[in-house]
Amino acid sequence: LKVTGKKNEYGEPVGLFAEGELLWHSNESGNLLFTPGVSLLGETGMVGSSTGFMTTVDWYEKQSESFRSELDEMVVLHRFAPGKINPGLRKEQDMIIYKNMCPVDDSRVPMVMRSPGGYKGLHFSVHTMHSIEGMSKTDSDKLFERIAKELFVPEYTYDHWYTQDNDLLLFDNSITLHRRLGDIKDRLCYRIQYDYEKLTQTTDRYLLEPYASQYKTQLVDVNKVLGI
């Protein structure tokens, strides 16, 4: 996918996220089969902008055993909400992102999962997280706010400020969030999503049933369709 602030001769954006803020998010967040790997090639106009990352592993490991046990049992209901990722997003782009992020309301994805590298952390996709199954919306929001307040701090955040073009970033999309900061008017990036589980030989993404079994079944079905 082309992610750029560039516009054509008619003043129309020629790629995704052409203007404004790009807040913390993970791709395909409300889908059990989300792609665990993302790469971003910053081709031109990158200096003065950044791609930031927020990791959840260290925070998760610092929690008490009892709280981790509670988190391990939580299932999040996801809904797409316009403006949660890119405030002021154009209607056409909104539809594309809606289809990519969470096309089905109240899709269920466990809060805690294992990355292909074997690390446990939070799938804390704040832009589509609506509530926790079995918990009221009010109580869910309180917990989300508490976790966000503790997670979105410098200790768990790294912003890669570009000093040149052609940097290639490869990053986790399961228990890590990413964002964009800075000037993007002449910026042009190419985003590629991929699955490297055949390299790591890990298919135990989910710790909870029935989600672990559903994931493996759906993965087999997709691979059949793709002829893999």
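"In what order do the strands of the open sheet of four strands run? Hi everyone, let's start there. The order is β1-β13-β3-β11, and the pairing is antiparallel. Please keep in mind that this is a predicted model.

At the edges of that sheet stand β1, residues 2-4, and β11, residues 167-172. Each of the two has a single partner strand, so one side of each is left without a neighbour in the sheet. From one strand to the next, the twist averages 25°. Now look at the pair β3 and β13. Strand β3 covers residues 37-44 and strand β13 covers residues 188-194, and they pair in the antiparallel sense over seven bridges. One position to click on is L40, which stands opposite R191 in β13.

Hold on to L40 and R191, please, as we turn to empty space. How many cavities of 30 Å³ or more does the structure hold? The count is two. The largest cavity contains about 130 Å³ of space. It is lined by 13 residues, and the closest to its centre are V3, L22, L40, H178 and R191. So L40 and R191 come back: they stand opposite each other across β3 and β13, and both are in that group closest to the cavity centre. Which elements supply at least two residues each of this lining? They are β2 (22-25), β3 and β12 (176-182). The biggest contributor is β12, with three residues. If you are thinking about chemistry, the lining has six nonpolar, three polar and four charged residues.

On to the other sheet I'd like to show you. This one is an open sheet of three strands, in the order β6-β5-β9, again with antiparallel pairing. Here β6 (107-110) and β9 are at the edges with a single partner strand each, so one side of each has no neighbour in the sheet. The twist averages 35° from one strand to the next.

Let's walk along β5, residues 75-78. β5 pairs with β6 over four bridges and with β9 over three bridges, both times in the antiparallel sense. V76 is a nice residue to rotate around: its bridge partner in β6 is V109, and in β9 V76 stands opposite I132. H78 has M129 as its bridge partner in β9. And which way do the side chains go? V75 and L77 point one way from β5, while V76 and H78 point the other way, and all of them are buried.

A quick stop at V57, which lies in helix α1. Is V57 buried or exposed? Its relative accessibility is 15%, so V57 counts as buried, with the cut-off being under 20%. V57 and V75 are 18 residues apart in sequence and, C-alpha to C-alpha, 18 Å apart in space.

That brings me to the nonpolar core. In soluble globular proteins, nonpolar side chains tend to be buried together. In this model the largest nonpolar core has 21 residues, and the ones with the most contacts inside it are W59, L71, M111, L122, F124, I147 and L151. Two or more residues each come from α1 (57-62), α2 (65-72), β9 and α4. Of these, α4 gives the most, with five residues.

Helix α4 then shows up once more, in the last feature of my tour. What volume does the second largest pocket have? It comes to about 250 Å³. There are 15 lining residues, and the closest to the centre are K84, V126, M129, D141 and F144. You have met M129 already, as the bridge partner of H78. Both β9 (129-132) and α4 (137-151) supply at least two residues of the lining, and the largest share, five residues, is from α4. By class, the lining has seven nonpolar, three polar and five charged residues.

Let me tie the threads together. Around the largest cavity, β12 is the top contributor to the lining. Helix α4, in turn, gives the most to the largest nonpolar core and has the largest share of the lining of the second largest pocket. Thanks for listening, and I'm happy to take questions."

Key: Residues are numbered from 1 along each chain as its sequence is written. This is a predicted model: local features need pLDDT of at least 70, side-chain atom pairs count only at pLDDT 80 or more; totals for chains, interfaces and linings use all residues. Side-chain values use heavy atoms; hydrogens and water are left out. On a 1 Å grid over the protein atoms alone, a cavity is a set of points where a 1.4 Å probe fits but cannot get out, and a pocket is an open set with protein on both sides within 12 Å along at least five of seven lines; lining residues have an atom within 4 Å of a point. Grid points are joined across faces, edges and corners, and a volume is the space filled by probe spheres set on the points. Ala, Val, Leu, Ile, Met, Phe, Trp, Tyr, Cys and Pro count as nonpolar, Asp, Glu, Lys and Arg as charged, and the others, Gly among them, as polar. Two strands pair if DSSP finds at least two bridges between them. Axes are lines fitted to C-alpha atoms, for helices over the stretch in contact, and angles run from 0 to 180 degrees between N-to-C directions. A nonpolar core is a set of buried Ala, Val, Leu, Ile, Met, Phe, Trp, Tyr and Cys residues joined through side-chain atoms within 4.5 Å. Buried means under 20% relative accessible area, exposed over 50%, partly exposed in between (1.4 Å probe, protein chains only).
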